[in-house]
Amino acid sequence: CVLRLLQVVRTIKSYIIGQHCIAAPFICRSERTSSHSSAMMLKVTLACVALAPTTAAFQPALTRRIATKTPTPPAFSASATRRRPCLAVSAGGASPGGRLAALLRTLRSVGTISGLFFAAGLAEIGGGWLVWKAVREGAPRWWAAAGALVLAAYGFIPCLQPIDDFGRLYAAYGGIFIGMSFAWARVVDGMALDRGDVIGSAVALIGVAIVLLWPRGSS
């Protein structure tokens with residue numbers, strides 16, 4: 001349609017210029033320029049008139065494309081708000097074998113975490129004890145060097161834990177450290193523990209259990 005419209009405009013333009021040339025062969029260049037301008041104005045006008053219905057026809061489609069859709073909120077799901085502890089035992093399926101396997105995995109995880117806590121406590125308390133003996137109680141100087149090496153090795157032990165949160169891991173280890181420090185003092189140094197020491201250690205271990213077993217989201 002547009003090509004036919006352009007052909008019609010060119011024909012009208014040629015006709016207008018031809019009439020002017022026949023009627024007045026002595027026409028000047030300025031008048032020819034004016035005729036050319038009039039023809040161009042006619043072409044633009046006819047093109048606008050021809051394209052106006054097309055633009056109006058496409059207007060609803062353009063409006064639908066520009067309009068943004070408001071996202072609908074996700075449906076509420078009970079499983080999305082379900083929370084589980086760090087050391088939770090999953091159901092493992094309805095069969096007893098699946099539950100037994102899940103329980104064994106949880107016990108293995110608990111054993112790994114407890115063993116690494118115990119190793120870290122021994123390294124930190126033992127290394128600190130060697131440095132203490134060399135600095136405060138006149139033990140050989142190499143005890144301090146050995147204690148420093150043990151303390152340096154202690155820094156790598158928590159990195160082996162399956163727990164990913166640094167702060168939560170060290171907070172739980174702090175409670176273990178309290179109980180192991182009192183046990184070291186009683187066994188190695190022979191320090192007598194009073195009721196406050198025992199109660200404080202028990203409260204610290206209860207805090208460790210709360211931190212590790214508290215239900216949290218999967219995120």
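The following paragraphs describe the fold, the nonpolar core, a surface patch and the salt bridges of a predicted model.

The protein chain comprises 6 helices and 2 strands, and these elements succeed one another along the sequence in the pattern α-α-β-α-α-α-α-β. Of its 219 residues, 19% count as buried, while the accessible surface of the chain amounts to about 15,900 Å², with 68% of that area belonging to carbon and sulfur atoms. Among contacts between residues at least 6 apart in sequence, 62% join residues that are at least 24 apart.

The largest nonpolar core contains 16 residues, and within this set Phe 117 and Leu 212 touch the most other members. At least two residues of the core are supplied by each of helix H3 (96-136), H5 and helix H6 (195-213), with the largest share, 6 residues, coming from H3. Helix H5 itself spans residues 166-187 and has 22 residues; the distance from its first C-alpha to its last is 30 Å, close to the 32 Å expected at 1.5 Å a residue. Along H5, the buried positions are Leu 169, Ala 172, Tyr 173, Gly 175, Ile 176, Gly 179, Met 180 and Ala 185.

On the surface, a nonpolar patch is formed by Leu 100, Leu 103, Leu 104 and Leu 107, which together present about 360 Å² of accessible area. One of these residues, Leu 104, is found in helix H3, the helix that also provides the largest share of the core. Leu 104 has a relative accessible area of 43% and is therefore classed as partly exposed, a value that lies over the 30% required of patch residues.

A search of the whole structure finds 2 salt bridges. In one of them, the side chains of Glu 137 and Lys 133 meet with an N to O distance of 2.5 Å. The partners in this pair differ in their exposure, since Glu 137 is partly exposed at a relative accessible area of 47%, whereas Lys 133, at 15% relative accessibility, counts as buried because its value falls under the 20% limit. Another salt bridge joins Asp 165 to Arg 168, and here the closest N and O atoms are 2.5 Å apart. Asp 165 is partly exposed, with a relative accessible area of 37%, and Arg 168 likewise counts as partly exposed, at 27% relative accessibility.

Key
Residues numbered from 1 in each chain as written. Predicted model: local features only at pLDDT ≥ 70, side-chain atom pairs only at ≥ 80, totals over all residues. Heavy atoms only, no water. Helix = DSSP H or I, 4+ residues; strand = E, 2+ residues; numbered from the N terminus. Expected span 1.5 Å × (residues − 1). Buried < 20%, exposed > 50% of the residue type's maximum accessible area, 1.4 Å probe, protein only. Core = buried A, V, L, I, M, F, W, Y, C linked by side-chain atoms within 4.5 Å. Contact = heavy atoms within 4.5 Å. Areas by Shrake-Rupley, 256 points an atom, 1.4 Å probe, with all protein chains shown as cover. Patch = residues over 30% accessible without salt bridge, like charges linked within 9 Å, V, L, I, M, F, W, Y side chains within 5 Å. Salt bridge = Lys/Arg side-chain N within 4 Å of Asp/Glu carboxyl O.
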